[in-house]
Amino acid sequence: MTERGSGGEGGIPGPIPAGMPVDAAPPPVRTTKTGPSAERSFGLVAGGIMVSRMFGFVRNWAFARYFGQTEAADAFSTALRIPNVVRNLLGEGAISASFIPVYSAMLGRGDEKAGRALAGALLGVLMAAVSILSLVGIGLAPMLTSLFAGGFSPEKAELTTRLMRVLFPMTGLMVLSGWCLGIQNSHRRFFGSYASAAVWSIAQIILLFGWGSRSGDAASAAIFGWGPRIVDLPELAWWLAWATLAGSVLQIAVQLPEVLSLVRPLRVSLDLDAPGLRQTLRNFVPVVISLGVVQVSSLVDLRIASHLPDGAVAALYYSSLIYMLPGSVFAVSVAASSLPDFARDSEAATDALIARLRAGWMRILFYILPTTALFIAHGDLVASLLLRSGRFGVDETRVVHWIVGGFSIGLLGFSSVRLLASAFHALQDYRTPLRSSMAAITTSAILAMSLALPFRDSIYATAGIAVGSALGSYVNLALLARGLRRRIGPLFTPTMWAGALRIAGVALLATAAAYPVRFLLRDAHYAIASLGTLAAFGGIFLVAAYATGSQEAERWLRSVRIIRRPPS
């Protein structure tokens with residue numbers, strides 16, 4: 001028996017939104033959808049991202065343990081950030097937005113031959129482009145360091161440049177990984193495409209635990225039994241850069257077997273006349289420009305942070321890893337699993353598209369609203385649990401909490417923008433997301449400079465950068481929502497507003513109810529205090545949300561067998 005709202009074949013297109021009564025769900029809309037249900041697709045994407053994030057946080061914990069908020073940490077995070085900007089421009093996001101709608105439409109029409117030709121031609125174009133781009137990046141590394149980290153000391157800038165030259169070829173490899181992800185997602189193979197990022201982290205984890213103990217950490221040296229030679233932090237950062245590059249190769253290697261089985265036979269070419277390639281490239285340009293505007297925001301943040309005290313860039317890096325977790329797990333999961341269906345639904349029926357959009361947005365709210373409350377109130381416990389060790393102590397935890405709290409103000413905006421932008425991409429509208437992104441970056445840059453630079457002598461000024469970025473995200477969200485309302489009608493119904501308010505109320509209740517647990521565990525080890533408080537928050541939120549009629553909470557409680565499944 002299909003569960004209510006599970007998105008079965010030809011039934012309701014997606015799960016019933018959390019907090020929405022069953023009788024208020026969108027009416028059934030028949031589509032041409034095949035493959036896993038929307039709920040299962042969401043679960044596969046979320047599961048894959050969770051696997052990669054688990055290893056990612058082990059990597060971040062080890063990095064924080066050995067580097068802390070030092071000059072070497074600033075240099076490595078900057079050297080990684082700048083190539084990552086190019087990766088984000090040309091990789092997963094751009095390929096997904098421009099390639100998946102075209103390729104998925106071909107698969108939906110049963111034209112697999114044209115799909116294979118498009119896949120091979122796009123791969124050839126990407127390989128040629130990223131080869132040139134990597135060489136240019138290596139040559140321009142000193143200029144890029146000066147441009148985006150102009151506040152660094154000469155020694156820190158020199159180390160940043162050395163590391164960036166090692167890391168820049170990673171850009172090309174990650175773009176190819178994004179092509180693999182586009183193929184897999186179009187065929188609704190979600191888990192492996194997102195879980196593959198775990199091997200990128202594993203390569204760095206092995207290096208950090210192997211060589212990090214030689215960086216002066218006596219406890220680790222005793223565990224691993226290293227000899228007397230001590231590795232300084234710049235040398236450790238150098239070897240970590242090579243491990244990061246090796247991890248990129250491994251990430252592609254684990255995806256290729258499935259990709260080659262889906263696109264068989266694959267013929268790589270530079271055939272610009274391949275079916276759909278010109279349309280994909282036309283889509284690619286505005287998407288890259290739109291993403292470029294967003295990436296400019298991160299580079300502006302980096303430039304501002306480079307003028308703050310040592311450790312500010314590293315603190316911004318650690319904080320972004322924490323606040324991006326809910327967006328990458330939940331918002332990306334909803335957007336990525338919905339994009340192929342958005343592309344099909346946009347050709348079939350507007351009702352199907354808006355129904356999926358509403359269901360996806362309510363699902364995002366179910367996770368993002370409580371996470372926002374948690375990060376603001378108990379973000380220090382999250383930072384302690386994920387990062388505290390070795391050189392990353394209480395003071396570093398406090399700074400990261402302030403920054404995460406600033407970013408959390410905009411979690412709803414950051415997460416919702418991903419879903420709404422996916423709907424525009426499915427509708428082949430790339431100009432609206434571009435215009436909204438430009439308005440958002442302008443707002444963010446002005447606010448970040450106004451809030452951070454007047455307090456440049458304090459590392460806590462980094463929180464001002466986060467607040468500026470958060471407020472800018474709502475400009476983006478407002479413009480996207482207005483554009484969609486004009487094209488497909490109102491997004492939020494009164495019932496959905498009521499459901500969102502219930503989720504917000506339950507989140508505030510759980511946040512307040514977790515404080516007594518935190519007080520009782522105040523003298524316990526920080527890991528126990530963090531786990532106990534966070535577990536109490538999560539349990540209270542789920543139970544209270546279930547009591548208010550949340551379908552999403554009901555699914556979670558069934559999965560851990562706190563409540564029984566209804567009879568089939």
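Contact is taken here to mean heavy atoms within 4.5 Å. The structure is a predicted model, in which local features need pLDDT of at least 70 and side-chain atom pairs count only at pLDDT 80 or more, whereas totals for chains, interfaces and linings use all residues. Residues are numbered from 1 along each chain as its sequence is written, and side-chain values use heavy atoms, with hydrogens and water left out.

The secondary structure of the protein chain consists of 21 helices and 0 strands; helices (H or I, at least four residues) and strands (E, at least two) are DSSP runs, numbered from the N terminus. Of the 568 residues in the protein chain, 59% are buried. The term buried denotes a relative accessible area under 20%, exposed one over 50%, and partly exposed the range in between (1.4 Å probe, protein chains only). The area exposed by the protein chain is about 22700 Å², of which carbon and sulfur atoms supply 65%. Accessible areas come from the Shrake-Rupley method with a 1.4 Å probe, and for residues only the protein chains shown count as cover. Among contacts in the protein chain with a separation of 6 or more, 84% are accounted for by residues 24 or more positions apart.

Individual residues illustrate such pairings across the sequence. G68 lies in the loop between α1 (38-67) and α2 (71-90). This glycine is buried, with a relative accessible area of 0%. Not counting residues up to four places away in sequence, G68 touches F63, A73, A314, Y318, R391 and F392. With one of these residues, A314, the C-alpha to C-alpha distance is 7.9 Å, although G68 and A314 are 246 residues apart in sequence. A94, placed in helix α3 (residues 92-108), likewise has a relative accessible area of 0% and is buried. The C-alpha atoms of A94 and P286 are 9.2 Å apart in space, and the two residues are 192 residues apart in sequence.

The packing of helices α4 and α5 was examined next. Two packed helices are described by the angle between their axes and the distance between the axes. The axes of α4 (residues 112-139) and α5 (residues 141-148) come within 4 Å and cross at roughly 70 degrees. Axes are lines fitted to C-alpha atoms, for helices over the stretch in contact, and angles run from 0 to 180 degrees between N-to-C directions. Angles under 35 degrees count as roughly parallel, those over 145 as roughly antiparallel, those from 65 to 115 as roughly perpendicular and the rest as oblique; α4 and α5 are therefore roughly perpendicular to each other. In this contact, G137, I138 and G139 of α4 meet A141, P142 and L144 of α5. By class, the contact has 4 nonpolar, 2 polar and no charged residues, where Ala, Val, Leu, Ile, Met, Phe, Trp, Tyr, Cys and Pro count as nonpolar, Asp, Glu, Lys and Arg as charged, and the others, Gly among them, as polar.

A search of the whole structure finds 9 salt bridges, a salt bridge being a side-chain nitrogen of Lys or Arg within 4 Å of a carboxyl oxygen of Asp or Glu. One of them joins R487 to D429, with the closest N and O atoms 3.2 Å apart. This pair links distant parts of the chain, 58 residues apart: R487 belongs to helix α18 (residues 462-488), and D429 to the loop between α16 (411-426) and α17 (431-452). R487 is partly exposed at a relative accessible area of 45%, whereas D429 is buried at 13%. Helix α18 also holds G483, which is buried with a relative accessible area of 15%. The C-alpha atoms of G483 and F424 are separated by 9.0 Å, with their positions 59 residues apart along the chain.

Helix α21 (residues 551-559) contains R555 and E552, which are 3 residues apart and thus separated by about one helical turn. These two residues form a salt bridge whose closest N and O atoms are 2.8 Å apart. R555 is buried at 10% relative accessibility, and E552 is buried with a relative accessible area of 4%. A salt bridge also brings together the side chains of R558 and E554, at 2.2 Å from N to O. R558 and E554 are 4 residues apart in helix α21, a separation of about one helical turn. R558 counts as buried at 9% relative accessibility, as does E554 at 12%. Elsewhere, D74, K156 and D310 are joined into one network by salt bridges that share partners.
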